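Here are a few notes to go with the structure, for someone opening it fresh. Have a look around it, then read on.

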Amino acid sequence: MDRTEEKTYRGLTLPARTRLTSQRRAVLDAIEASGGPFTAIELFQRARRSQPSLGLATTYRTLELLRRTGSLHALSGDGRPAYVRCSPAHHHHLVCLSCGSVEDTRLCATPSQQALTRRHGFRAESHELEIYGTCRNCL
């Protein structure tokens, strides 16, 4: 997606033509207030406190818009689908299975583009990596 075709609200990037309705703002405000990973239902319940007319479908549509622009990342490896807010810079996630915390890391073990092309004839556009384990606070 071309950055000229995007807009931001509270540091979250949305496609430029996205309408910022009061319901969508409630979802974005709830994301802003979250301190870590959250499920769609948790976000919906939090956002409904300020916007009782919010529908669950609006919450899911907003999450998908944010996921497509890279503002959110869906974590699915620990059994409960959750989302985490992301920066646009290249990074990966360390997910604690004990406390649920998520830490960004710039460490990357993916092969270089040259190695992928040479070995597989493949041109990568992007990649995602989550590492699940135990954080330093839970050890």
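1. Let's start with a tyrosine. Tyr83 is buried, at a relative accessible area of 16%. Keep in mind that this is a predicted model, so that value, with everything below, is computed from predicted atoms.

2. What does Tyr83 pair with? Searching the whole structure turns up one aromatic pair. The partners are Phe38 and Tyr83, with ring centres 6.3 Å apart and planes at 25°. Planes under 30 degrees apart count as stacked, so this pair is a stacked one.

3. Where do the two rings sit along the chain? Phe38 is in the loop between α1 (22-33) and α2 (40-48), while Tyr83 belongs to strand β4 (residues 82-85). The pair therefore ties together parts that are 45 residues apart in sequence. Phe38 is buried too, with a relative accessibility of 1%.

4. Phe38 also turns up in the largest nonpolar core, which has 19 residues. Phe38 is listed among those with the most contacts inside this core, along with Ile31, Leu43, Leu63, Leu66 and Leu72. At least two residues of the core come from each of β2 (12-15), α1, α2 and α3. The biggest giver is α1, with five residues. As background, nonpolar side chains in soluble globular proteins tend to be buried together.

5. Not every nonpolar side chain is tucked away, though: Ile41, Leu56 and Tyr60 make a nonpolar patch on the surface. Together they have about 240 Å² of accessible area. Tyr60 sits in helix α3 (residues 56-69). With a relative accessible area of 41%, Tyr60 is partly exposed, because that value falls between the 20% limit for buried and the 50% limit for exposed.

6. Now the cysteines. How many disulfides does the structure hold? Zero. A disulfide is a covalent bond joining the sulfur atoms of two cysteines, and here a pair counts if the sulfurs are within 2.5 Å.

7. Why does Cys135 not form one? The closest cysteine sulfur, in Cys96, is 3.7 Å from the sulfur of Cys135, which is too far for a bond. Cys135 is buried, at 16% relative accessibility.

8. For Cys108, the closest cysteine sulfur is in Cys86, 14 Å from its own, so that is too far for a bond as well. Cys108 counts as partly exposed, with 35% relative accessibility.

Notes: Residues are numbered from 1 along each chain as its sequence is written. This is a predicted model: local features need pLDDT of at least 70, side-chain atom pairs count only at pLDDT 80 or more; totals for chains, interfaces and linings use all residues. Side-chain values use heavy atoms; hydrogens and water are left out. Patches are made of residues with over 30% relative accessible area and no salt bridge: like charges are joined within 9 Å, nonpolar side chains (Val, Leu, Ile, Met, Phe, Trp, Tyr) within 5 Å. Accessible areas come from the Shrake-Rupley method with a 1.4 Å probe; for residues, only the protein chains shown count as cover. A salt bridge is a side-chain nitrogen of Lys or Arg within 4 Å of a carboxyl oxygen of Asp or Glu. Helices (H or I, at least four residues) and strands (E, at least two) are DSSP runs, numbered from the N terminus. Buried means under 20% relative accessible area, exposed over 50%, partly exposed in between (1.4 Å probe, protein chains only). Rings of Phe, Tyr and Trp (its six-membered ring) pair if their centres lie within 6.5 Å; planes under 30 degrees apart count as stacked, over 60 as edge-to-face and the rest as tilted. A nonpolar core is a set of buried Ala, Val, Leu, Ile, Met, Phe, Trp, Tyr and Cys residues joined through side-chain atoms within 4.5 Å.
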